[in-house]
Amino acid sequence: MSLLSELSERVPGRAHGPGATEYDAGRTVFAGVGEPEAVVRPHTVEEVATAVGLAAAAGLPIAVRSGGHGLMPVADGLVIDLAEFSSVELGDDGLVTVGGGAHWGDVVAALAPHGLGVSSGDTRDVGVGGLALGGGIGWLVRGQGLAIDRLREAELVTAAGEVLTVNAEQHPEVFWALRGGNGNFGVVTRFVFEAGAAEGLVGGHVRFDSSDVPAVLRAWRDVMRAGPDELNSTLMVTPPMGPEMPGGPQLAVALQGTEQQLRELLEPLLTLPSVTDVSLAPVAYGELLEDAPPGRPPLLFVGGNGFVPELSDAALDAIAAAYARPIPTMVMLRGLGGAFSRVAPDATAIAFRDAEAFLIVNGVLSLDATPEQIAGAKAGSDAALGFTSGTYGNFSVDRGEHVIASMYPPATLERLRRVKAQLDPGNVFRQNHNITPA
């Protein structure tokens, strides 16, 4: 009997195959369309456990879909689509219970009337499950830390079909692994986060021309070093994309404070000769989140990302040089520190807590780029990425042991492998940045 037939018997009305609307929705992610054997859209945790047990018994890989923001579609096995697990409930104690299939926009909408928030992704559409299990660098990262730093409990369905309540007291080693170990340990159907203050924000954008990118990079670094935890920002440096998109640095910023305070903090940036536009005003937390693009653009991005322990002059010079090369290059720098760095490196599976910033560098090529062009783009990006200490999996398209070794220090990875061997010895949850069992 096929997996689809078994699922149809055990969870009637929830299993879908080729030709069904639910199948097409479940197999489609940001990066493309997959070809799983079946998609199941369960309504209860018991149905999740049944589906997991059937796929595991058949030795088929399981992928979990939350927001569909995934970077890689799956080629086989079972997709568990958590679209029905989308509830968001705020308790009197400030704890918010979130379904594994909710989107961060849902969380923001539920918490905003109470002046609360949980540091989330940059887009409303990104799924809570995928982002949170990978770490979760959001707009409140310097004040609240990562999304996993606000996680207090999770409901986990293991490969054996067990349903575990996981927190600091119950299954503490599993709780440690979930916070940054991606989806390697089962299906998380419920998260409980501790919300924090997310009101009284002022923010917006500052745009620069490309006449002096090194000066912008240095001024941004100095502003963020001197700024309080309440100051969060991302600096994008984009290549020219035509007359209407000349390229250059663009600062997105938010502060829990007043506009006057923000302008005083940003003065080293606002007084640069290359400033072309300043737009700062009171803003709601939800307004900081953007709508996700409709899909991956038809371009080839060659480079990567990493945590930067120190934004030294040499590191900034390498970043500026990567942008200045003939190959069109996109750079993103996100300020870290603050609450992010006050978490011990072994407290979660995200160990690079000494990072001053998060960096992405990508050469932007056409899909028909030659091997020589790709090699050239990689070399320039690698020079800047050489100042990083490790990779952030949520922003990494590449898969394989070399990526895993970059995402986790050796001691962290060995600890994750031991938890993996305990929960998923058959490695059915492998459609991800896969941690193989010890």
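**Salt bridges and two sheets**

Reader: At 42% relative accessibility, what does glutamate 401 count as?
Author: Buried means under 20% relative accessible area, exposed over 50%, and partly exposed in between (1.4 Å probe, protein chains only). Glutamate 401 has 42% relative accessibility, so the residue counts as partly exposed.

Reader: What kind of model is this?
Author: Residues are numbered from 1 along each chain as its sequence is written, and side-chain values use heavy atoms, with hydrogens and water left out. Local features need pLDDT of at least 70, side-chain atom pairs count only at pLDDT 80 or more, and totals for chains, interfaces and linings use all residues: this is a predicted model.

Reader: Which residue forms a salt bridge with glutamate 401?
Author: A salt bridge needs a side-chain nitrogen of Lys or Arg within 4 Å of a carboxyl oxygen of Asp or Glu. Here the closest N and O atoms are 3.1 Å apart, and the partner is arginine 417.

Reader: Which helices does this pair link?
Author: Helices are DSSP runs (H or I, at least four residues), strands likewise (E, at least two), numbered from the N terminus. The two residues lie 16 apart, in distant parts of the chain. Glutamate 401 is in H14 and arginine 417 in H15, so the pair links H14 and H15.

Reader: Is arginine 417 buried or exposed?
Author: Its partner, glutamate 401, is partly exposed. At 11% relative accessibility, arginine 417 counts as buried.

Reader: How many salt bridges does a search of the whole structure find?
Author: One of them joins aspartate 222 to arginine 221. A network links Arg218, Arg221, Asp222, Asp313 and Asp317. For the whole structure, the number found is 23.

Reader: Which strands are at the edges of the open sheet of four strands?
Author: The order is S1-S4-S6-S5, with mixed pairing. Strands pair if DSSP finds at least two bridges between them. Each edge strand has a single partner, so one side is left without a neighbour in the sheet: these are S1 and S5.

Reader: What angle does helix H12 make with S19 in the open sheet of seven strands?
Author: That sheet has the order S17-S14-S16-S15-S19-S20-S18, with antiparallel pairing. Helix H12 packs on the sheet, touching S15, S16, S19 and S20; contact means heavy atoms within 4.5 Å. Axes are lines fitted to C-alpha atoms, for helices over the stretch in contact, and angles run from 0 to 180 degrees between N-to-C directions. For H12 and S19 the angle is about 150°.
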